[in-house]
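Please work through the following exercises with the structure at hand. Each task is followed by a solution in steps.

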Amino acid sequence: MDKDGFSLRESDGIAYYSCEALDQIPGLRHGFSTRVCRASVDGGSSFNLGFSSWDTIERVNENRRRFLAALNLQDSFLATLRQVHSDRVFI
């Protein structure tokens, strides 16, 4: 599925989005994860990559390892963000 410059891809049961503009940069490897995963650690459909109170550190680390492996980035560092839903705006 292609939408607004992003392509949905899958590798080893892990779905992720790729930005077509970033794909054009030589040497840059990237992917935007989704919550959907046929290869999640618990065998379910949730693919949590964020440390939270409702998931174990071991499970999140294993999901992160699998995500990086799906992108062929096993020996790389994962850059993450923490999204917060609020009414605060920063300019």
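The exercises below treat the fold, one strand residue, the salt bridges and the largest pocket.

The model is predicted, so local features need pLDDT of at least 70 and side-chain atom pairs count only at pLDDT 80 or more, while totals for chains, interfaces and linings use all residues. Residues are numbered from 1 along each chain as its sequence is written, and side-chain values use heavy atoms, with hydrogens and water left out.

**Exercise 1. Overall description**

Determine the order of helices and strands in the protein, and state what percentage of residues is buried.

Step 1. Helices (H or I, at least four residues) and strands (E, at least two) are taken as DSSP runs, numbered from the N terminus. The protein has two helices and four strands, and along the sequence they follow the pattern β-β-β-α-β-α.

Step 2. A residue is buried under 20% relative accessible area, exposed over 50% and partly exposed in between (1.4 Å probe, protein chains only). By this criterion, 25% of the 91 residues are buried.

Step 3. The exposed surface of the protein is about 7000 Å², of which carbon and sulfur atoms supply 53%. Such areas come from the Shrake-Rupley method with a 1.4 Å probe; for residues, only the protein chains shown count as cover.

**Exercise 2. The surroundings of Ser11**

Identify the residues that Ser11 touches, leaving aside those up to four places away in sequence.

Step 1. Locate Ser11 in strand β2, which spans residues 6-11.

Step 2. Apply the contact criterion, heavy atoms within 4.5 Å. Ser11 then touches Tyr16 and Ala70.

Step 3. Examine the side chain: that of Ser11 reaches the backbone oxygen of Ala70 at 3.0 Å.

Step 4. Compare positions along the chain: Ser11 and Asn72 are 61 residues apart, and their C-alpha atoms are separated by 9.4 Å.

**Exercise 3. Salt bridges**

Explain which parts of the protein the Asp23 and Arg9 pair ties together, and identify the residues linked in a network of salt bridges.

Step 1. Side chains of opposite charge can pair when their charged atoms come close. The criterion for a salt bridge is a side-chain nitrogen of Lys or Arg within 4 Å of a carboxyl oxygen of Asp or Glu. The structure holds four of them.

Step 2. In one of these, the closest N and O atoms of Asp23 and Arg9 are 3.2 Å apart. Because Asp23 belongs to helix α1 (residues 20-23) and Arg9 to strand β2, this pair ties together parts 14 residues apart in sequence. Asp23 is partly exposed at 32% relative accessibility, as is Arg9 at 35%.

Step 3. In helix α2 (residues 57-70), Arg65 and Glu62 lie three residues apart, about one turn of the helix. Their salt bridge has its closest N and O atoms 2.6 Å apart.

Step 4. Glu62 also meets Arg66 in a salt bridge at 3.0 Å, N to O; these two are four residues apart in helix α2, again about one helical turn.

Step 5. Glu62, Arg65 and Arg66 therefore form a network of salt bridges. Relative accessible areas are 22% for Glu62, 47% for Arg65 and 26% for Arg66.

**Exercise 4. The largest pocket**

State which element gives the most to the lining of the largest pocket.

Step 1. On a 1 Å grid over the protein atoms alone, a pocket is an open set of points where a 1.4 Å probe fits, with protein on both sides within 12 Å along at least five of seven lines; lining residues have an atom within 4 Å of a point.

Step 2. The lining comprises 28 residues, with Ser33, Leu49, Ala79, Thr80 and Leu81 nearest the centre.

Step 3. Strand β4 (32-37) and helix α2 each supply at least two lining residues. With four residues, β4 gives the most.

How values were computed: Polar contact = N/O pair within 3.5 Å; in protein donor to acceptor, adjacent residues only side chain to side chain.
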